[in-house]
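Subject: Structure handover

Hi,

Here is the structure I promised to pass on to you. My notes follow below it, and I hope they are useful when you open the file.

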Amino acid sequence: MENNYKLPDQNAARMRRSRNREAEQSEYSMPETLRQCGKGRTYAIRTYGCQANVRDSETIAGLLEQMSFTRAENDTEADVLVFNTCAVRRNAEEHVLGEIGNLKPLKLQHPDRIFALCGCMAQEEGIVDLLLKKYPQVDIIFGTHNLDRFPQMLAQHLQEGRRQVQVDSIEGNIIEGMPAMRSRRFKAFVNIMYGCDKFCTYCIVPYTRGRERSRRLQNIVDEIREFKASGGKEVALLGQNVNAYGKDLQMKDGFSTLLDKCADTGIDRIRFYTSHPRDYTSAAIDVMAARPNIMKALHLPVQSGSDEILRRMNRGYTRAHYLSLYDDMRSRIPDITFSTDIIVGFPGETDAQFEETLSLVDHCQFDQAFTFIYSPREGTPAASMKDDIPEEVKKERLEILNEKVAGYARIRNEQYVGKTVSVLCDGPSKKNERIMAGYTEDNKLVNFKAVSVKEGDIVPVKITEARSFSLNGEAEEGDVH
Ligand code: 5AD
Ligand code: SF4
């Protein structure tokens, strides 16, 4: 029976080489025979990790709805429950394994409930092996390159009741035309490229998401135009390294060309995640500065302030390069906001090297920083580097860094008090139904009082108070669009 399994092969993923040619493209179409499979049945999806997963979950939901499943009110009551997982750090994996472990009694009570696992954990040999041996409640495992296969696997499981495993370790074609249930009406994630060719030594993503492949420019622009025509206000362009967009399509400075074309659609707001300091070009900064609908907020992960650590991370830039890029952007786009990612406790990081990260933060005074303790990932080069830093020291470094980051975030936020900023309303705040929440153009979270503002409105808000991670304010109603 197990002959039907297609198991992950991390060695194959590791041996892949960027072929630097255009990815083949194909068009998705769901076979008629699958379209009624889900009639009378419900589904739910739990999503972990980055925006790429959020976007994939929208596609998975779209596929399930095309099969006539409907969304469950409560995910523990769903007939099909999908875990779309993240493998970037060990604690994210442990969390998911814990949740799946908790489902064992539910499965015994309701053997016909179906549990599926996909995303980056599904690409790991060790995890799939563990699931097959110790987690019999998981019925379907499909990889990041196998979303299009999920309907078939699900139909087969419904018919035969047998476990299904399909994980390709080498990416296939770019598949256009997959259905999507967008999670928001006014904001959309738009994939511009898939995969990563950077091979930072700590990171598992190049092995779980395959080589860099760019979607064709026209497909991206058409998706944004359609979204705008349906009332959409904001798009976030997604890729592990958006600055490498178009390299495989033989485009010269593909990312700045793409930004320009996306701005031409006239959509109110364009963001992009994630940038890599290595590939950033001057032309991309020019387009960002020139086009008002490209938001002046940049997420530019630095990871470390030490040249030696950056070298051992294989980041491909120096501290001086990062700082000159940062200074250049600040001078060309004075009102830009910056966020970053930082790892502490990389194998062998000395106190002096950690101090260099702190001094870089002092220079940049980031608006926001996502900080992590290094987590060894099996199969990556850093996992076999000597790591003799005690856990206590790593925790202490994280605390020191977080305190510094929060201090600067607050100082940056205090500059907004008394100013009026433009906010795209996301709806009522999570904590208080009577307060609305939304983001400014430069990506600050604002909680604000309003009378008649609705989700999707772009509204001027006067800022009354600054916190470390958000702003408070009052809508100046009457000028909503
Ligand atoms: N350990 C800790 N943090 C990591 N990241 C990626 N891999 C690891 C790891 N093994 C962080 C990086 C990256 C962010 C998405 O996650 O900072 O930018
Ligand atoms: Fe991982 Fe580095 Fe690629 Fe980011 S750029 S996904 S950190 S390998």
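An open sheet of six strands, all in parallel pairing, runs in the order 3-2-4-5-6-7. Two strands pair here if DSSP finds at least two bridges between them, and the elements themselves are DSSP runs numbered from the N terminus (helices: H or I, at least four residues; strands: E, at least two). Strand 3 (70-71) and strand 7 (164-166) form the edges, each pairing on one side only. Inside the sheet, strand 2 (residues 42-47) and strand 4 (residues 80-85) run parallel and are joined by five bridges; alanine 44 has leucine 81 in strand 4 as its bridge partner.

A word on the source: this is a predicted model, in which local features need pLDDT of at least 70 and side-chain atom pairs count only at pLDDT 80 or more, while totals for chains, interfaces and linings use all residues. Residues are numbered from 1 along each chain as its sequence is written, chains are lettered from A and ligands numbered from 1 in the order in which they are written, and side-chain values use heavy atoms, with hydrogens and water left out.

Back to that sheet and its helices. Helix 2 (residues 51-66) lies across strand 2, strand 3, strand 4, strand 5 (114-119) and strand 6 (140-142), at about 170° to strand 2. Angles run from 0 to 180 degrees between N-to-C directions, and axes are lines fitted to C-alpha atoms, for helices over the stretch in contact. Helix 5 also packs on the sheet, where it touches strand 5, strand 6 and strand 7, and its direction makes about 175° with that of strand 6.

Helix 5 (residues 125-134) has a helix partner too: helix 3 (residues 90-102) packs with it at an angle of about 15°, the axes being 13 Å apart. That makes the two helices, 3 and 5, roughly parallel (angles under 35 degrees count as such, over 145 as roughly antiparallel, 65 to 115 as roughly perpendicular and the rest as oblique). In their contact (heavy atoms within 4.5 Å), Arg90, Glu93 and Leu97 of helix 3 meet Ile127, Leu130 and Leu131 of helix 5. By class this contact has four nonpolar, no polar and two charged residues; Ala, Val, Leu, Ile, Met, Phe, Trp, Tyr, Cys and Pro count as nonpolar, Asp, Glu, Lys and Arg as charged, and the others, Gly among them, as polar.

Further along there is an open sheet of three strands, ordered 14-15-16 with parallel pairing. Strand 14 (297-299) and strand 16 (368-373) are at its edges with a single partner strand each, so one side of each has no neighbour in the sheet. The twist averages 10° from one strand to the next. Strand 15 (residues 337-344) and strand 16 run parallel, joined by six bridges, with threonine 340 opposite alanine 369 of strand 16. Helix 14 (residues 391-414) packs on this sheet and touches strand 15 and strand 16.

The axes of helix 13 (residues 351-364) and helix 14 come within 10 Å and cross at roughly 5°. That makes helix 13 roughly parallel to helix 14.

Last, the ligand. Which residues are around ligand 2? They are Cys196, Lys198, Phe199, Cys200, Tyr202, Cys203, Val205, Pro206, Gln240, Asn241, His276 and Arg315, each with a heavy atom within 4 Å of the molecule. By class, that shell has seven nonpolar, three polar and two charged residues.

Best wishes
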